[in-house]
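Let's walk through this structure together, one region at a time. Keep the 3D view open and rotate it as you read.

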Amino acid sequence: MSVASKYIAHEVEEKWYKYWMENNYFHSEVDEREPYTIVIPPPNVTGVLHMGHMLNNTIQDVLIRRARLKGYNACWVPGTDHASIATEAKVVAKLKAEGIDKNDLSREEFLEHAWEWTHKHGGIILEQLKKLGASCDWERTKFTMDEDMSASVTRVFVDLYNKGHIYRGYRMVNWDPQAKTTLSDEEVVYQERQGHLYYLEYKIEGSDETLTIATTRPETILGDTGICINPNDKRFFHLKGKKAIVPLCDRVVPIIEDEYVDMEFGTGCLKVTPAHDENDKVLGDKHNLEVIDIFNDDATLNSFGMNYEGMDRFEARKAIVKELKEKGILVKTEDHLNKVGTSERTGAVIEPKLSDQWFLKMKELAQPALDAVLQKEVNLVPEKFINTYRHWMENVRDWNISRQLIWGHQIPAFYFGDGKEDFVVAETKEEALQKAKEKTGNADLTAESLTQDKDALDTWFSSWLWPISVFNGILEPDNKEINYYYPTNDLVTAPEILFFWVARMIIAGYEFRGKKPFNNVYLTGIVRDKQRRKMSKSLGNSPDPLELIQNYGADGVRVGMLLSSPAGNDLMFEEDLCKQGSSFVNKIWNSFKLVKSWEVSSEKEQPESSRIALEWYKARFQKTLREIEDHYKKYRMSDALMATYKLVWDDYCSWLLEMVKPPFGEAMDEKTYNEVIAILEDNLKILHPFVPFVSEEIWQAIKERSEEEALIVSSWPKMTDFDEKVISEFAVAAEVISGIRSIRKEKNIAHKEQLQLQVLNNENLPQTFDPVIRKMGNISDLEYVEQQVKGALSFRVRSNDYFIPMAGAVDLDAEKAKLEEELNYTRGFLKSVEKKLSNERFVNNAPAKVVEIEQQKKQDAEAKIEAIEASLKALEV
């Protein structure tokens, strides 16, 4: 088979991905083999490939391809998440561009648009993953809104409700006024922002007295229903039992006492706004204060905002501050740095809001999942995340699972009356009707009497079931697939969704299967730029992954992503890493071209230099194989790649092929050639998880192979015993060869010119690699001597001295003159340094670091003089 002169990545990638797909290598079915299962962290259905996906999916593909080679029944389940908030926002924006208001559509009409959007954009990211080489079982592709997936979510909701874990409550929630939905605590990102502390005067009812409060949100005074003082604060004893008048709205509110108030913060007087602050709500409930909500769902002011009704909250703040100032109510303003909660999805500032929502009790459910990680039943890699996980799980709060969205899984609660408790929870409307009849005792109720809750469930409420539901383990808990593939082996994901997704999947695993969902969680780092900024479209610092693949090939990009990507540590990505990866791919290809260019003779004997070189490489390979296995075991993917990279680039390409290469114009013996091919095949097997395309291309080009013999389904190299001694002996030989090459370079002696080498074997080192030294150094005569050789250039390796007689090879007089000139210069330099160091004023006044540098210069010069003098002595005949 002819070998292309140049490796053209995109042609090779298209050819072999098509071949793999046609032969169904990615697909897995239950059989007698041990399974190895990975479920993909489902990307948003609205998403396109970004650098985080590239890193995450490269690692997953490395793991799954290696598992296939190791004989496991490898199953990598792909899919996408319906992403309620993100998708609904995209659909709303599309409708708006078409002049359609979401509020003018019925639920069914909106869902039609949402599904149309999903069908059009939903598969984009999965198709892009194929360009990367992802060997997912595409036949198993799941979507969190698939019919069976939705049915699983509904069943779980009903089950948890029936167990008393889910309840409906009127609670303070995180409200996203842009998406107009509630968010869980984990979806709120706190950012430090520079704001102000406003000091306002409140009048005391029936007197000329005033009190001053400090607030960061002056617009919320319109919702004030109380003032609170600390009962131990002597400054305000005179206010006990009195009432205050809220500025602008002139509402009379009680002055209450509670030790909750921090006497050191602000003025020591606290305004209480129960509708817009969680702590204020607690105080308000305790002291029976009125609750007044001043905001609409979009965070504009409602009728309680008086003349500011309809105005956005931040615009209203400016206007209210202006009015307070004009009326002399604003005493002073101070700069104040505070943490502001923002929506993880839209970036909008979160508004605390009282609302009827659905909640899942978490404390009891979380305990088995906490124990699993602390007892290492589920391993977090790296372990530094265990403490973070423990802190969150020990302080877990009830999960707000309802969202005021249309796109998503509609909550299976059905209302039959006007009261808050007039509802039933059921999987279907038919079941709900039966339950409603039983609950009310009204046999005349009809399906039309029931109204399903309009809210959708939090997206994570479906994805927390992912490792179970992709194998239909909720609807059919004893089916053969869930029993075979679950628990899965490795989960590869980002640390930022450790609580959103990972912890909740572990909780669901124990609750619905009584088992962990996976054995190991490999937490990748965040892909950052050289300035340590997270790569993102908004910053414009993220390259287009598909463009990188186009420029450097998928294999080159995969290597580039993994070259410096230790688990849990951020990856400082530079495009040069992909360039380096591409160079590695070309090196592999060019080394194969070299091997295929050799003529082979069945009559020629194997040279001793080739025999020992092959013995060495096989030992080196076995040692590296053990290192790689250890790295994989510890999820050190970058280290596994580097060990493979160095073995192939340095040991195989730079050393082995040079050691066995036949002399120009001569054929190679068949024994050596066959052994080199066997070595190459083993190299390709350990390379395949990292560079699947070039490895398959070379594998198939070595000889004709059947579909059953493809590299993707071949066998991982077996571990065998090896001789450590031959590795250490070669290390010495490599230094000797490097010494000879250095002398040739320094003296401009061509490699084709043969040299003599004489060895003073002080250390009594083995002579195993002498045939290799002769060949690689082009040595005509290698002789062991008893004493120093005169008239020769020399170098030292360990305690041995190596001499290359120069008579005839170089002009001895010219060489001596050159060395003497260098010696005189170095002596002069040493003298100037010694003069500086003998100057007490310099030594006493100069920084210690400067003096240290000068002393090092002195030592270096002395060492150089000694080396030059030794070389001159060696040249004496």
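In this predicted model, a good place to begin is an open sheet of four strands, arranged in the order S6-S5-S14-S16 with antiparallel pairing. Which strands form its edges? They are strand S6 (181–183) and strand S16 (399–400), each of which pairs on one side only. Strand S5, covering residues 166–176, runs antiparallel to S6, and three bridges join the two. To find the register on screen, look for Asp176, which stands opposite Thr181 in S6. As a general reminder while you look at the strands, side chains in a regular strand alternate between the two faces of the sheet.

Further along the chain, strand S11 (residues 252–257) offers a chance to see two kinds of pairing. With strand S9 (residues 226–229), S11 runs parallel, and three bridges join them. Here Ile229 stands opposite Glu257 in S11. With strand S10 (residues 243–245), S11 pairs in the antiparallel sense, also over three bridges. The bridge partner of Ile245 in S11 is Val252. S10 and S11 form a hairpin with six residues between the strands, and in this hairpin Leu248 takes a positive phi near 70°.

Just before S9 there is a residue to pause at. Glu219 lies in the loop between strand S8 (210–215) and S9. Is Glu219 buried or exposed? Its relative accessibility is 0%, so Glu219 counts as buried. Which residues does Glu219 touch, leaving aside neighbours within four places in sequence? Glu219 is in contact with Ile294, Phe295, Arg313, Arg317 and Ile320. For a sense of scale, the C-alpha atoms of Glu219 and Phe584 are separated by 62 Å, and these two residues are 365 residues apart along the chain.

Let's turn to the helices. In general, two packed helices are described by the angle between their axes and the distance between the axes. Take helix H2 (residues 51–69) and helix H16 (residues 545–562): their axes come within 10 Å and cross at roughly 55°. That angle makes H2 oblique to H16. The crossing of H2 past H16 is right-handed. On the H2 side, the residues that meet H16 are Met51, Met54, Leu55, Thr58, Ile59, Asp61, Val62 and Arg65. H16 answers with Pro545, Leu548, Ile549, Val557, Arg558, Met561 and Leu562. Sorted by class, the contact of H2 with H16 has 11 nonpolar, one polar and three charged residues.

Stay on H16 for a moment and select Val559, which is found in this helix. Val559 counts as buried because its relative accessibility is 0%. Leaving aside neighbours within four places in sequence, Val559 is in contact with Gly581, Phe584, Leu641 and Val691. Phe584 has come up already, as the residue whose C-alpha lies 62 Å from that of Glu219. Another long span starts from Val559 itself: Gly99 is 460 residues away in sequence and 47 Å away in space, C-alpha to C-alpha.

Now compare a second helix pair. The axes of helix H19 (residues 637–660) and helix H23 (residues 770–777) also come within 10 Å, crossing at roughly 90°. H19 and H23 are therefore roughly perpendicular to each other. Trp655, Glu658, Met659 and Val660 of H19 make this contact with Val772, Lys775 and Met776 of H23. By class, the contact of H19 with H23 has five nonpolar, no polar and two charged residues.

Two of these H19 residues, Met659 and Val660, lead on to another helix. Leaving aside neighbours within four places in sequence, Ser610 is in contact with Met659, Val660 and Thr672. Ser610 sits in helix H18 (residues 608–633). At 2% relative accessibility, Ser610 counts as buried.

Our last stop is strand S28 (residues 755–760). Why is S28 described as largely enclosed by the rest of the structure? The reason is that five of its six residues are buried. Six bridges join S28 to strand S29 (residues 779–785), and the two strands run parallel. To see where they line up, find Leu760, whose bridge partner in S29 is Val785.

How values were computed: Residues numbered from 1 in each chain as written. Predicted model: local features only at pLDDT ≥ 70, side-chain atom pairs only at ≥ 80, totals over all residues. Heavy atoms only, no water. Axes fitted to C-alpha atoms, helices over the stretch in contact; angles between N-to-C directions. Parallel < 35°, antiparallel > 145°, perpendicular 65-115°, else oblique. Left-handed = near helix turned anticlockwise from the far one by under 90°. Contact = heavy atoms within 4.5 Å. Nonpolar A, V, L, I, M, F, W, Y, C, P; charged D, E, K, R; others polar. Pairing = 2+ DSSP bridges. Buried < 20%, exposed > 50% of the residue type's maximum accessible area, 1.4 Å probe, protein only.
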